[in-house]
Amino acid sequence: MTSISCDIHVSSLRHFKGDVILPPKKTYTLVIGYPLSKPYKKQINTGKDGMGLGGLLVEIGKAYNEVYAKDD
């Protein structure tokens, strides 16, 4: 398993140029810390073509949905 730190605040994305490209066929652990008291961890796979920023944001959105669904 590979680790990567991608600490980008959503408010900073409007100034972000380019794309984050995660290599194909890799597994990463997405760790969400805000606004949680205990970090939430989820495995994400980059697929055969790798993953760009758009795909990463989709995975982050899914993870937040899972966090809030468990909170109910």
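**Exercise 1. The order of elements**

Task: State which pattern of strands and helices the chain follows in this predicted model.

Solution. Step 1: count the elements; the chain has one helix and two strands. Step 2: place them along the sequence. Strand β1 covers residues 27–32, strand β2 covers residues 40–45, and helix α1 covers residues 53–71. Step 3: read from the start of the sequence, and the pattern is β-β-α.

**Exercise 2. The chain as a whole**

Task: Find what share of the residues is buried and what share of the accessible surface belongs to carbon and sulfur atoms.

Solution. Step 1: the chain has 72 residues, and 22% of them count as buried. Step 2: its accessible surface comes to about 5,500 Å², with 54% belonging to carbon and sulfur atoms. Step 3: turn to contacts. Taking those between residues at least 6 apart in sequence, 51% join residues at least 24 apart.

**Exercise 3. Salt bridges**

Task: List the salt bridges and determine which residues they join into one network.

Solution. Step 1: recall the general idea. Side chains of opposite charge can pair when their charged atoms come close. The cut-off for a salt bridge is 4 Å between the nitrogen and the carboxyl oxygen, and three pairs satisfy the rule.

Step 2: take Lys42 with Glu59, whose closest N and O atoms are 3.9 Å apart. Because Lys42 belongs to strand β2 and Glu59 to helix α1, this pair ties together parts that are 17 residues apart in sequence. Buried means under 20% relative accessible area; Lys42 counts as buried at 15%, and Glu59 counts as buried at 15%.

Step 3: take Glu66 with Lys42, a salt bridge at 2.9 Å from N to O. Here helix α1 holds Glu66 and strand β2 holds Lys42, so the pair ties together parts 24 residues apart in sequence. Glu66 is partly exposed, at 29% relative accessibility.

Step 4: take Lys62 with Glu59, where the closest N and O atoms are 3.5 Å apart. Both residues lie in helix α1, three residues apart, which is about one turn of the helix. Lys62 is partly exposed, with a relative accessible area of 40%.

Step 5: join the pairs through the partners they share. The result is one network of Lys42, Glu59, Lys62 and Glu66.

**Exercise 4. The nonpolar core**

Task: Name the residues of the largest nonpolar core and find which elements each supply at least two of them.

Solution. Step 1: recall that in soluble globular proteins, nonpolar side chains tend to be buried together. Step 2: list the ten residues of the largest core: Leu22, Tyr28, Leu30, Ile32, Tyr40, Ile44, Met51, Leu56, Ala63 and Val67. Step 3: assign them to elements; β1, β2 and α1 each supply at least two residues of this core.

Step 4: look at one member, Tyr40. With neighbours within four places in sequence left aside, Tyr40 is in contact with Leu30, Val31, Ile32, Ala63, Glu66, Val67 and Lys70.

**Exercise 5. The aromatic pair**

Task: Describe the one aromatic pair of the structure by its distance and angle.

Solution. Step 1: note what is needed. A pair of aromatic rings is described by the distance of the centres and the angle of the planes. Step 2: the structure holds one such pair. Tyr64 and Tyr68 form this pair, with 6.2 Å from centre to centre and 20° between the planes. Step 3: planes under 30 degrees apart count as stacked, so the pair of Tyr64 and Tyr68 is stacked.

Step 4: locate the two residues. Both are in helix α1, four residues apart, or about one turn of the helix. Tyr64 is partly exposed at 24% relative accessible area, and Tyr68 is partly exposed at 43%.

**Exercise 6. Thr46 and Leu53**

Task: Decide whether Thr46 is buried or exposed, and find what its side chain reaches.

Solution. Step 1: Thr46 lies in the loop between β2 and α1. Step 2: at 4% relative accessibility, Thr46 counts as buried. Step 3: its side chain reaches the backbone nitrogen of Lys25 at 3.1 Å. Step 4: not counting residues up to four places away in sequence, Thr46 touches Leu22, Pro23, Pro24, Lys25, Lys26, Tyr28 and Met51.

Task: Find how far apart Leu53 and Ile21 are in sequence and in space.

Solution. Step 1: Leu53 is in helix α1 and is buried, with a relative accessible area of 14%. Step 2: Leu53 and Ile21 are 32 residues apart in sequence, and their C-alpha atoms are 6.9 Å apart in space.

Note on methods
Residues numbered from 1 in each chain as written. Predicted model: local features only at pLDDT ≥ 70, side-chain atom pairs only at ≥ 80, totals over all residues. Heavy atoms only, no water. Salt bridge = Lys/Arg side-chain N within 4 Å of Asp/Glu carboxyl O. Buried < 20%, exposed > 50% of the residue type's maximum accessible area, 1.4 Å probe, protein only. Core = buried A, V, L, I, M, F, W, Y, C linked by side-chain atoms within 4.5 Å. Contact = heavy atoms within 4.5 Å. Areas by Shrake-Rupley, 256 points an atom, 1.4 Å probe, with all protein chains shown as cover. Phe/Tyr/Trp six-rings, centres within 6.5 Å; stacked < 30°, edge-to-face > 60°. Polar contact = N/O pair within 3.5 Å; in protein donor to acceptor, adjacent residues only side chain to side chain.
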